[in-house]
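Okay, thanks for making room for me today. I'll put the sequence and the model up, and then we'll walk through it together.

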Amino acid sequence: MTTEPGSAVADYLGLELPSKTAPQRARLAALARGLEGSAEPTSLVSYNSTGLVLIIGAEPSALSVVEDIVGRVTCLILATGSASMPESSGSGYTKHSVAGQEVPVLYGMPLQINGYLGSFRVLVQQKNREIELAKAMNLASGGIDIILDLGRNPVIGRERVPPGYFAPAGDSDRLHQALEEIPSLVGQFDKPLYVQYKPDICAHGERGITGCTRCLDVCPAEALSSLVGRIEVDPYLCHGVGSCAAVCPTGAIHYRFPNLGHSLDSLRRIIAAFLDQAETSPSILLYEGEHGGPQLAERIDTLPADIIPWRIEEAGSTGLELWLSAIAYGAQSVLIMTTDETPHSTVSALQSQVRLVSILLDGLELGAERVRLVGLDQLNPISGTANGGSVRVVKPASYGGIDEKRVVLRFATEHLATGLTSDIDHITLPPGSPFGSVQVDAQVCTLCMGCVSVCPAGAIGDDKAKPRLTFVESNCVQCGICEQACPEDAISLVPRLLLDNARRMQHQTLNEEAPFCCIDCGKPFTTQSMITKMEEKLSGHRMFQGDALKTLQRCEDCRVKAMF
Ligand code: SF4
Ligand code: SF4
């Protein structure tokens, strides 16, 4: 019998969880606790479509497809293939009558398609020139609403194509589905604004130097682009896959549907309630509602009661901060279920994050395999000792409601490091990790402070009172911009997690020197190493021979005075 909390849980999860045994009832009650509280609403993105459909393909196939949908939508054809291009057509178009309706046909090859549902632009190659399809066909709307690309090699070959673009690539089932769906795409359609971007904490680039590109590298929808040191998110192309947010080291790109603080609170309540009632540690199973949900529903009766399924929008929408927090709250393990629909780029982004979390958990003596990507056939809890070693048990953490990724990571790692039995100072991490230090070779660093001006995270700083390079390790996201900016090649990255949180947040000194004072007025204005470097560089220059080299030892004001 379904209890009242059970029905709220079933509505949210899209799953009817059994409630025959005490642990199963504890799971239902815990999930009901997770549903308390509401997520901050996100904005919406709207698409407007009048139902103007462009079919791209060889003329006979395109005409036969038109027969299925004409009358319910307005069709145009871009007829491809040399056999379709009559000499007489020029840049104009002809019309064919299909089921009593005139269907305009333009001949040419599609070169480029930009846009999304309600606003596609198509560039066409016609003989020796390129033309915009809307212009060539005198379309009053200026754009196309929907595209059905019948090519074996579709023009848009991304893992997640824009809404309104259908490319069955020769698969008759997918063509059938597209023809079913296309007539329904007339009107206004809203979707949530899945991700948001905070340029002020992004480490993509500074002063022409490119640093972090992690989000650009993983977006399966090509919804992100690089724009003079910052990232631009096209909300119309974004499918909410979320892998950008999972790999972002700073939280500059973050998931809003729901936001991190809400997800943390839900998981904390679920885990605490289950620990309380079942007196055993649960595993959290994160599954995609749309694709994973129906698959999971078929196995739900055999799902062990200590695995608590929790619906998420997309597998890529969670990351290190949520997984580590779940372990900090007392979960035995976190299972992230992927399906055949999860984009390959997302799976590989998640795999790299899971590898990182394994190294962290292993270093924290908590068991390396407690966070895993799983398929439907691998739904077993993973104990902390699955890798054979003994693991520590940590008291459940109580933090929550925090939306800042770096802050959550700090809380989680600090909590999980409490009570370590070994006296290790840090955990060494692979290159590309979001935590670490920088090493400065004091023999070559001139304290020019070029790195200070480019660090986007405020990790490297200077000291207004004297030539000193400072560093706050907890701020460093290992973007590498300082390493690239250093004219002396004095900086190298050291990916690691320093376990002493107080030290991580302290200002350390990377390099310091006594100031060099002007030989005329005595004012400190640079460092001895900078003077030595300049003298080495300019000693062969005809303008700096003999006493002229002393100019370098004067401050700016005294240099001007000495000239007159
Ligand atoms: S810091 Fe985040 S948003 Fe900025 S480039 Fe890196 S991954 Fe993208
Ligand atoms: S210290 Fe260097 S690597 Fe670290 S955030 Fe600043 S620029 Fe990036």
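**Pockets, shells and a few odd spots**

Let's begin with ligand 1: by class, the shell around it comes out as 10 nonpolar residues, two polar and no charged ones. Keep in mind that everything on screen is a predicted model. If you want to select that shell by hand, pick Y197, C202, A203, H204, C212, C215, I231, C248, P249, T250, A252 and I253.

Now ligand 2. Around this one sit 13 residues, and the closest are C455, C476, C479, G480 and C482. Class by class, the ligand 2 shell has 11 nonpolar, two polar and no charged residues.

While you're zoomed in there, click on Q478. Its phi is near 60 degrees, a positive value, and this isn't a glycine. As background, most residues other than glycine have a negative phi, and most peptide bonds are trans. Q478 belongs to the loop that runs between β25 and α14, the latter being 481–485.

And β25 has a partner. Strand β24, residues 460–463, pairs with β25, residues 466–471, in the antiparallel sense over four bridges. Across that pairing, I460 stands opposite F471 of β25. How many residues does the hairpin use to join β24 to β25? Just two.

Okay, zooming out to domains. The assignment gives five pieces: domain 1 is 4–36 + 259–417, domain 2 is 47–189, domain 3 is 193–255, domain 4 is 428–512, and domain 5 is 515–563. Note that domain 1 is written as two segments. Take domains 1 and 4 as a pair: their C-alpha centres are 35 Å apart. They do touch, with 11 residues of domain 1 in contact with 15 residues of domain 4.

Next, a sheet. We have an open one of six strands, in the order β4-β5-β3-β2-β9-β10, with mixed pairing. The edges are β4 (93–98) and β10 (165–166), each of which pairs on one side only. β4 runs antiparallel to β5, residues 101–107, and six bridges join the two. For a specific register check, the bridge partner of T94 in β5 is V105.

Now the part I suspect you're waiting for, the empty space. How much space lies in the largest pocket? About 1,400 Å³. The lining is 41 residues, and E159, R160, V161, H239 and E341 lie nearest the centre. The elements giving two or more residues to that lining are β10, α5 (172–181), β11 (187–192) and β19 (307–312). So you've already met β10, as an edge strand of the sheet. The largest share of the lining, four residues, comes from α5. By class, the lining of the largest pocket splits into 19 nonpolar, nine polar and 13 charged residues.

The second largest pocket holds about 620 Å³. Of its 39 lining residues, the closest to the centre are Y255, F257, P258, N259 and S263. At least two lining residues each come from α7 (243–247), β17 (253–255), α8 (260–278), β19 and α10 (320–329). Which element gives the most to this lining? α8 does, with five residues. By class, the second largest pocket is lined by 16 nonpolar, 14 polar and nine charged residues. Domain 1 and domain 3 each put at least three residues into this lining.

Two of those central residues deserve another click. The peptide bond from F257 to P258 is cis, with omega near 5 degrees. P258 is placed in the loop between β17 and α8, and both of those elements also supply lining residues to the second largest pocket.

Finally, the enclosed spaces. Searching the whole structure turns up six cavities of 30 Å³ or more. The largest of them has about 100 Å³ of space. Its lining is 14 residues, with C219, C238, V241, G242 and C244 nearest the centre. That lining divides into 10 nonpolar, four polar and no charged residues.

So if you open the file later, start with the two ligand shells, where the class counts include no charged residues. Then go on to the largest pocket, whose lining counts 13 charged ones. Okay, that's the tour.

How values were computed. Residues are numbered from 1 along each chain as its sequence is written. Chains are lettered from A and ligands numbered from 1 in the order in which they are written. This is a predicted model: local features need pLDDT of at least 70, side-chain atom pairs count only at pLDDT 80 or more; totals for chains, interfaces and linings use all residues. Side-chain values use heavy atoms; hydrogens and water are left out. On a 1 Å grid over the protein atoms alone, a cavity is a set of points where a 1.4 Å probe fits but cannot get out, and a pocket is an open set with protein on both sides within 12 Å along at least five of seven lines; lining residues have an atom within 4 Å of a point. Grid points are joined across faces, edges and corners, and a volume is the space filled by probe spheres set on the points. Ala, Val, Leu, Ile, Met, Phe, Trp, Tyr, Cys and Pro count as nonpolar, Asp, Glu, Lys and Arg as charged, and the others, Gly among them, as polar. A residue is near a molecule or strand if one of its heavy atoms lies within 4 Å of it. Two strands pair if DSSP finds at least two bridges between them. Domain bounds come from an automatic or database domain assignment. Contact means heavy atoms within 4.5 Å.
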